[in-house]
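Reader: I'm new to reading protein models, and I would love a close look at one part of this one. Could you walk me through the place where the two chains meet, and then show me how it fits into the rest?

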Amino acid sequence: MSLLETRGLTKRFGGLTALDDLTLTVQPGEVRGLIGPNGAGKSTFINLVTGVVRPSAGSVRFRDEDVTSWPTHALFRRGLARTFQTPRLAPGLTVLESVLVARVHLGPLELFRSLAGGRARRHAERTWRHAVRQDLEAIGLGACAEDPVETLPHGQRRLLEIARALARGPSLVILDEPAAGMSDVETSRVTTLIRSLAARGLAVLMVEHNMGLVMSVADRVSVLDFGRVIAEGRPADVQGDPAVHEAYLGRVDGGEATPHA
Amino acid sequence: MLLLATLIPLALAGRDYPLFLATTAVIHALLAVSLDVVVGGLGLISLGHAALFGIGAYLSAAAMLGLGLPWLLALVAAGLGGAVAGLVLGALSLRIRGHYFVLVSLGFGEIVRLVLLNWKSLTRGADGVIGIPSPSLGGVAIGSKLGVYFLSLGVLVAVIVLTRRVRTSPLGRAAVAVRADEMAARASGVSPALVKLSALAWSGAAAGLAGSLYAHFYTFISPDVFTVDVSVTVLVMVIVGGAGTAGGPLLGALLLTVLPEWLRPFRQYYLIVYGAAVVLVMVFLPEGVVGTLRRARLRPRAALT
């Protein structure tokens, strides 16, 4: 049974069809690469699946439940977490606190619990902090746990976003260009990280322009162009697909984009 | 600070006017702390705080005069009423973004004021409510000005302690995330609606308590007391003192309560000087007095690292 399944997912912005009748499934524990030229609909797809925008048509199923148009925070609680193309962190929080926000569930009567305070609450807080600190160590952010997020360099911001996405043990993580703007060393660290997530049984759906990264970690790759899936399969097969070459390079007379495979 | 707040009024015990000012300052401080939950906590500017204040005052007066409830229950009713009003304001503004909250809160304040003015059977309209009893605890009326002062101070301290507790709780942490970036907060599993409603409910509760203290201290209330002028003044207190800082709203409330007294010698030019003073603070200390002091203290340390 698939973990994530979109059916006929369509998004029109005015006259422009950004995503056209897209059907895509992700299996539990699978690492899926999502590639395609700029404007192919990758970001729109992520935004539809994570409830940032509503689809014009079609549905999204996640863990055997129709989650079409669920808000992002409800999806997160259900086990579908995401990162952003440009890391979005809250200035004013430390690295540790940013992950704590994601870790701690807030109930509808949270205000009363906060007002009441009490020993059990303080104890719970210590337990959360301890657990998050360990997670930060594991991901390589242990040394800057107490630093304000605004002092982090770009590469560590991405790692922090991933740590935040993992905070409540999701079953699917959607990574939006996890290696963009990262150095080779940082990229190889992300590669290792994604492999370790997969080894833990997490499914990863990754949009990425770095072909080296996609081809080395993805079990399967889907190629989008003009809002449709034009190819899908194992990385090696997709790489040899003429339709994919055409999408990236154009016909014989040529486009400008060159993927670094 | 608490020590000063205790000692100075004791020294003023026999003199009514300074004590009256001190109590007013405490009620203003409660309002400022309450509004800062929204301004400093959520980063939203509200111009409807007088409505929450007024609802607390009218409810408290009605509870004692109409229902014959003891003062403590009237106080609780004012707090609950303020919280419900805060929730209504919050619910109205969930679908709107950023600065439009100012307009919604402004409209909310005007609607409440007009209801107070025109629902004559309930509020006695423009005549106001007179003869509101003094607070009483356990059947003993606290008639003295000094007693009411300390009662107000007690409520203020309790609200400050509880507000700090919420601010350092997971809810307070989530509020920082929501204020910075709602989308990122959602991606952390935080519902911005829950955070905003919680903050407005707590802010409303504190403003309601302030309303109750006001009603029983002044013993007279009318819709004229709860106009947008009050909302603006409290907002200025928060911003001059420093939104989102520990002592800022308190300092702002103290300054803006006492300043008009100091400026009395200026007579008709008083408002000009008052306005100029506020503008100068805003221009030169945009983070408020306390916010600027805190920054000045942090800067040398930042330079070292």
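Author: Happy to! Let's start right at the contact, where chain A contributes 27 residues and chain B contributes 24 residues. On the side of chain A that touches chain B, the elements giving two or more residues are helix 2 (72–78), helix 3 (95–103) and helix 4 (110–116) of chain A. Sorted by class, that side of chain A holds 15 nonpolar, five polar and seven charged residues. Keep in mind that this is a predicted model, with an ipTM of 0.90 and a pTM of 0.90.

Now step back to chain A as a whole. Its secondary structure comes to 10 helices and 10 strands. The C-alpha atoms of chain A fill a box of roughly 70 × 40 × 35 Å along the principal axes. A compact globule of 261 residues would have a radius of gyration near 18 Å, and the 19 Å of chain A agrees with that. Of those 261 residues, 41% are buried. If you take the contacts in chain A between residues at least 6 apart in sequence, 67% of them join residues at least 24 apart.

A good landmark in chain A is its open sheet of six strands, which run in the order 6-7-8-3-9-10 with mixed pairing. At the edges sit strand 6 (80–82) and strand 10 (228–233) of chain A, each pairing on one side only. From one strand to the next, the twist averages 20 degrees. Helix 7 (residues 184–199) of chain A packs on this sheet and touches strand 3 (31–35), strand 7 and strand 8 (203–207) of chain A. The direction of helix 7 makes about 150 degrees with that of strand 8 of chain A.

Let's zoom in on one edge of the sheet. As a bit of background, strands of a sheet pair through backbone hydrogen bonds, either parallel or antiparallel. Here, strand 6 of chain A pairs with strand 7 (residues 172–176) of chain A in the parallel sense, over three bridges. Try finding R82(A), which stands opposite I174(A) in strand 7 of chain A.

Another spot worth a visit is helix 1 (residues 42–49) of chain A, which is mostly covered, with six of its eight residues buried. The buried ones are K42(A), T44(A), F45(A), I46(A), L48(A) and V49(A). Just after helix 1 of chain A, you will meet G51(A), which takes a positive phi of about 75 degrees.

That leaves the partner, chain B, which has 14 helices and two strands. Chain B is as compact as a globular protein of its length, because its radius of gyration of 19 Å is close to the 19 Å that the globule rule gives for 305 residues. Along the principal axes, the C-alpha trace of chain B spans about 60 × 45 × 40 Å. In chain B, 49% of the 305 residues count as buried. Among its contacts between residues at least 6 apart in sequence, 75% join residues at least 24 apart.

How far should you trust the picture of chain B? Its average pLDDT is 88, and 96% of the residues score at least 70. Within chain B, confidence is highest in helix 10 (residues 192–218), at a mean of 96, and lowest in helix 14 (residues 288–304), at 71. Where pLDDT is low, the predicted coordinates should not be read in detail.

Methods. Residues are numbered from 1 along each chain as its sequence is written. Chains are lettered from A and ligands numbered from 1 in the order in which they are written. This is a predicted model: local features need pLDDT of at least 70, side-chain atom pairs count only at pLDDT 80 or more; totals for chains, interfaces and linings use all residues. Helices (H or I, at least four residues) and strands (E, at least two) are DSSP runs, numbered from the N terminus. The radius of gyration is taken over C-alpha atoms; the globule rule is 2.2 Å times the number of residues to the power 0.38. A residue is buried if 20 or more other C-beta atoms lie within 10 Å of its own, exposed if 12 or fewer, and partly exposed in between; C-beta atoms are placed from the backbone. Two residues are in contact if their C-beta atoms, placed from the backbone, lie within 7 Å. Ala, Val, Leu, Ile, Met, Phe, Trp, Tyr, Cys and Pro count as nonpolar, Asp, Glu, Lys and Arg as charged, and the others, Gly among them, as polar. pLDDT is the predictor's confidence in each residue, from 0 to 100. Two strands pair if DSSP finds at least two bridges between them. Axes are lines fitted to C-alpha atoms, for helices over the stretch in contact, and angles run from 0 to 180 degrees between N-to-C directions.
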